[in-house]
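Here are my notes for you, set out as numbered points. Have the structure open as you read, and follow along strand by strand.

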Amino acid sequence: MKSELANAPHRRLNILTGEWILVSPHRTKRPWQGKTESFEKREKINYDSECFLCPTNARMNGEPNPDYKNTLVFKNDFGALLNDTPLFDYTDGLLHAEGESGICKVICFSPNHSLTIPDMEVNAIIKVVEAWQNEFTELGNLKHINYVQIFENKGAIMGCSNPHPHGQIWAQHSIPTEIEKKTIAQKNFYKKESTSLLSKYIDQELSIGTRIISENKSFVTLVPFWAVWPYEAMIVPKRKMANIASLNTTEREDFAQQLKTLTQKYDALFNCSFPYSSGIHQAPTSGDNYEEWHWHMSFYPPLLRSATVKKFMVGYEMFAMAQRDITPEMAAEKLKSL
Ligand SMILES: [Zn+2]
């Protein structure tokens, strides 16, 4: 690798979105006098009678949860999208709006109130992946649903209000901005090279090796060259698949194993239950041809140098572009070593 990439300020291109990020490796030695987050170590309990997500407890709408043994999926009664919204169009001069309809669901990963993904058995994580596959297929098949976003906000620092391990699934009529950007980049590449952008990218990363965190037969986990968050990571299937519904039994297990490995490394990094937002980007479900799409899962963790020091996206980042100090190579080396 060019030594400038490890020492000199430079910007890197995100080939999936077309956006740039500023990298300032020379700043990693500057002293920190800024804000530290308070970090509370929670005692681990299997069941909390006050929790809306624990088995047999009443949810916010009063309905009782079943005594579930693996995962539980239910519709969020206070979701950001409503299924029966009219798809209206509003244009008045320069003002434009569209009605948006959709469905928001919650998925509990485990009946155990304190069991997060890194602490779950691979077999239990496979059940989570199966639930994601089922929801993707079922929601994606609905006529008015054109995109399904699966994601998790983990930790109070990420705005997660309930410690019970759970994620969300938002399915909607329109195709979100991030997905549109990634569709354009992948389509352009596929037309020219007849192979997926991410197939070629992971081949290159595997031959270089410096940003690889872990790998098995079907998946590779790496810090992308263009990572924005200090310990951002991406899990990519080696086989080009437009969506997670195409995972076979072996791939499902390999995916679950990589999920466990990465999140265990995260917990070990600062010796805390590591917070992050994670999400799966996959092809829209509009019925159009998306053969260029290569699904992947991204992790955006906010922590910078300890369990209590958070990276802020403020100032220059709000007004100009994303910026980081430690290089993606430094982050990958650290995560790999854990
Ligand atoms: Zn609970």
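**Notes on the fold**

1. A good place to begin is the pairing of strand 1 with strand 2 (residues 20-23), which is antiparallel and runs over four bridges. Within that pair, arginine 12 has isoleucine 21 of strand 2 as its bridge partner. Please keep in mind throughout that this is a predicted model.

2. These two strands belong to an open sheet of three strands, ordered 1-2-16, in which the pairing is mixed. Strand 1 (10-13) and strand 16 (322-324) are at the edges with a single partner strand each, so one side of each has no neighbour in the sheet. On average, neighbouring strands here are turned by 30° against each other, direction ignored.

3. The other sheet to look at is an open one of nine strands, with antiparallel pairing and the order 3-6-8-7-12-13-11-10-9. Its edge strands are strand 3 (72-75) and strand 9 (212-215), each of which pairs on one side only. From one strand to the next, the twist averages 20°.

4. Inside this sheet, strand 7 (residues 147-154) and strand 12 (residues 276-281) are joined by five bridges in the antiparallel sense. If you want a residue pair to find by eye, asparagine 153 has serine 277 in strand 12 as its bridge partner. Helix 5 (residues 249-269) packs on the sheet, where it touches strand 7, strand 9, strand 10, strand 11, strand 12 and strand 13. The direction of helix 5 makes about 20° with that of strand 10.

5. Strand 11 (residues 233-237) deserves a closer look. Is strand 11 buried or exposed? Five of its five residues are buried, so strand 11 is largely enclosed by the rest of the structure. Both of its faces are covered, with Ala233, Ile235 and Pro237 buried on one side and Met234 and Val236 buried on the other.

6. Strand 11 has antiparallel partners that you can trace in turn. Strand 10 (residues 219-222) is joined to strand 11 by four bridges, and valine 220 stands opposite valine 236 of strand 11. Strand 13 (residues 296-300) pairs with strand 11 over three bridges, again in the antiparallel sense. Here alanine 233 has phenylalanine 299 in strand 13 as its bridge partner.

7. Now for the nonpolar packing. The largest nonpolar core holds 48 residues, and those touching the most other members are Trp132, Tyr231, Phe255, Leu259, Tyr266, Trp295 and Met297. Helix 2 (residues 122-140) gives the most to this core, contributing eight residues. Apart from it lies another core, of 15 residues, including Ile21, Leu197, Ile212 and Trp226.

8. Leucine 259 is a handy residue from which to explore the largest core. Leaving aside neighbours within four places in sequence, leucine 259 contacts Ile117, Ile125, Val129, Trp132, Ile235, Met297 and Phe299.

9. Helix 2 has 19 residues and reaches 26 Å from first C-alpha to last, close to the 27 Å expected at 1.5 Å a residue. Its buried residues include Ile125, Val129, Trp132 and Phe136. An α-helix has 3.6 residues a turn, so residues three or four places apart point the same way.

10. Methionine 241 sits in the loop between strand 11 and helix 5. With a relative accessibility of 2%, methionine 241 counts as buried. Its C-alpha atom is separated by 6.1 Å from that of tryptophan 295, although the two residues are 54 residues apart along the chain. Beyond residues up to four places away in sequence, methionine 241 touches Ser246, Leu247, Glu251, Trp293, His294 and Trp295.

11. For contrast, try alanine 97, which lies in strand 5 (residues 95-98). Alanine 97 is partly exposed, at 30% relative accessible area. Not counting residues up to four places away in sequence, alanine 97 touches Phe88, Asp89 and Tyr90.

12. Finally, the cysteines. How many disulfides does a search of the whole structure find? The search finds zero. Why is there no bond for cysteine 160? Its sulfur is 10 Å from the closest cysteine sulfur, in cysteine 51, which is too far for a bond; the cut-off for a disulfide is 2.5 Å. At 16% relative accessibility cysteine 160 counts as buried, and cysteine 54 is buried with a relative accessible area of 0%.

Definitions and conventions. Residues numbered from 1 in each chain as written. Predicted model: local features only at pLDDT ≥ 70, side-chain atom pairs only at ≥ 80, totals over all residues. Heavy atoms only, no water. Buried < 20%, exposed > 50% of the residue type's maximum accessible area, 1.4 Å probe, protein only. Pairing = 2+ DSSP bridges. Axes fitted to C-alpha atoms, helices over the stretch in contact; angles between N-to-C directions. Core = buried A, V, L, I, M, F, W, Y, C linked by side-chain atoms within 4.5 Å. Contact = heavy atoms within 4.5 Å. Expected span 1.5 Å × (residues − 1).
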